[in-house]
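I set out below what I looked up in this model, entry by entry. The metal site comes before the acidic residue beside it in my notes.

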Amino acid sequence: MKVSNEVRELLAARRPGHSLDAQFYASQEIFDLDMEAIFGRHWIYVGVEPDIPEPGDYFTVKLGRASVVVLRNDDMELRAFHNVCRHRGAQLCNAHKGSVGNLVCPYHQWTYDLSGKLIYAEHMGDDFDPSGRGLKRVHVESVAGLIFVCLAENPPEDFSGMRETMARYIGPHQLADCKIAVQDEIVEAGNWKLVMENNRECYHCVSNHPELTISLYEYGFGYQPSPSNIEQVQAFRDLTEREHARWEAAGLKSAEIDELDSCVTGFRAKRLPLDKAGESQTMDAKVACQKLLGNFAERNLGGLSFWTQPNSWHHFMSDHIVTFTVLPIGPEQTLVRTKWLVHKDAVEGRDYDPAKLTAVWRATNQQDRELVEMSQRGVADPAYEPGPYSPYTEELVEKFANWYVGRLKAAVE
Ligand code: FES
Ligand SMILES: [Fe+2]
């Protein structure tokens with residue numbers, strides 16, 4: 001992969017335990033490298049199976065300059081293709097979401113079936129062979145209902161291990177039997193890595209997230225006991241141990257797994273106790289949807305949190321799921337897409353109120369957007385220099401930054 005000496009030097013000079021140099025948050029060259037080496041080569045979380053429940057349902061997603069169409073075929077399997085017509089290259093699906101019998105290019109009506117095969121191309125003559133003109137496939141996989149794609153020809157092989165492990169954690173929440181109750185999109189004026197770094201710590205939670213911290217203990221998010229909070233961290237660890245024993249006995253995987261910086265397909269998961277009523281990430285910590293997910297009868301199942309490198313995080317409760325995908329738009333612009341899912345048979349107005357369902361994370365997303373945008377303004381200031389991460393509260397940020405730098409180094413070597 002071609003990169004300038006300046007970028008090589010920046011990668012070599014990265015100081016562990018410190019935030020990244022300013023260029024990583026603003027340079028077009030590094031953004032292009034991120035799109036090629038990170039978003040072009042790793043497994044990227046793009047949506048959920050309930051986005052495309054029926055044959056012919058599709059959604060599109062933009063990864064750098066590549067557009068991908070993810071669909072469900074007639075055999076109910078997931079398929080993904082480059083969203084580019086094999087005639088003269090027009091973008092095939094121009095909506096974010098839709099439902100089709102076949103994929104018809106709007107330009108000259110070349111038509112592809114849901115397996116990507118070209119089945120109709122008028123006026124191309126007898127010598128035209130459609131067999132080599134099918135849509136280009138993109139790797140697509142589901143992790144218990146969470147859809148990931150990989151643009152690389154040979155995707156990282158460790159994905160299957162993550163999928164099997166996480167299927168055991170997520171499985172009981174039966175994501176495929178959910179519906180999307182609400183979806184939000186926010187375009188943040190910040191580099192995607194500032195969005196991710198902000199997600200990987202809760203150092204900022206108490207002073208910035210009054211709604212989130214009603215139910216959420218910050219100690220579950222990469223905290224180590226420090227002299228100022230040793231008792232609280234210990235009390236949280238004791239509570240976690242008791243709750244894990246209860247949940248594991250009920251067949252719910254709960255123990256922490258942390259492979260954020262030890263795998264190419266980095267991830268972390270843990271079922272975390274919630275405060276107050278302990279049921280859900282809502283304003284009163286009680287369930288927001290009366291119809292529980294899967295076969296759950298118990299409301300107090302805490303929140304199963306799942307984080308992936310490079311671009312997602314998810315919270316699974318007994319009554320609903322919140323899932324977030326981060327999609328870079330430009331060096332200083334990032335799309336954050338949030339989906340709230342409830343049981344597919346839950347009835348709006350009877351079982352759940354969308355305003356209550358979304359209150360905590362809507363507020364939190366706006367607060368996080370402000371934090372990301374103020375960070376972007378600060379790192380663009382000539383006075384900025386990388387600062388130290390807290391060893392007590394920011395170890396997951398370091399794991400993100402270290403994973404990121406390690407993956408870029410591997411790509412440019
Ligand atoms: S570009 Fe698609 S049919 Fe011509
Ligand atoms: Fe936050």
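I count four donors as tetrahedral if all angles lie between 85 and 135 degrees; four are square planar and six octahedral if opposite donors are over 155 degrees apart and all others between 65 and 115, and anything else is irregular. Donors are N, O and S atoms within 2.8 Å of the metal (3.2 Å for Na, K and Ca), and sites may look incomplete as water is not among the atoms.

The model is predicted: local features need pLDDT of at least 70 and side-chain atom pairs pLDDT 80 or more, while totals for chains, interfaces and linings use all residues. Side-chain values use heavy atoms, without hydrogens and water; residues are numbered from 1 along each chain as its sequence is written, chains are lettered from A and ligands numbered from 1 in the order written.

Iron site. I found His204 (NE2), His209 (NE2) and Asp368 (OD, listed twice) as protein donors of the iron ion (ligand 2), at 2.0 to 2.7 Å. The arrangement is irregular because the four donor atoms subtend angles of 52 to 153°. The donor residues follow the spacing H-x4-H-x158-D. His209 lies in the loop between helix 5 and helix 6 and Asp368 in helix 8 (residues 354-379), so the pair ties together parts 159 residues apart in sequence. Helices are DSSP runs of H or I, at least four residues.

Burial. I noted His209 as buried at 1% relative accessibility and Asp368 as buried at 12%. Buried means under 20% relative accessible area (1.4 Å probe, protein chains only).

Glu211. I placed Glu211 in the loop between helix 5 (205-208) and helix 6 (212-215). A polar contact (N or O atoms within 3.5 Å, one able to donate a hydrogen and the other to accept it) of 2.8 Å joins its side chain to that of Gln367.

Key: Helix = DSSP H or I, 4+ residues; strand = E, 2+ residues; numbered from the N terminus. Buried < 20%, exposed > 50% of the residue type's maximum accessible area, 1.4 Å probe, protein only.
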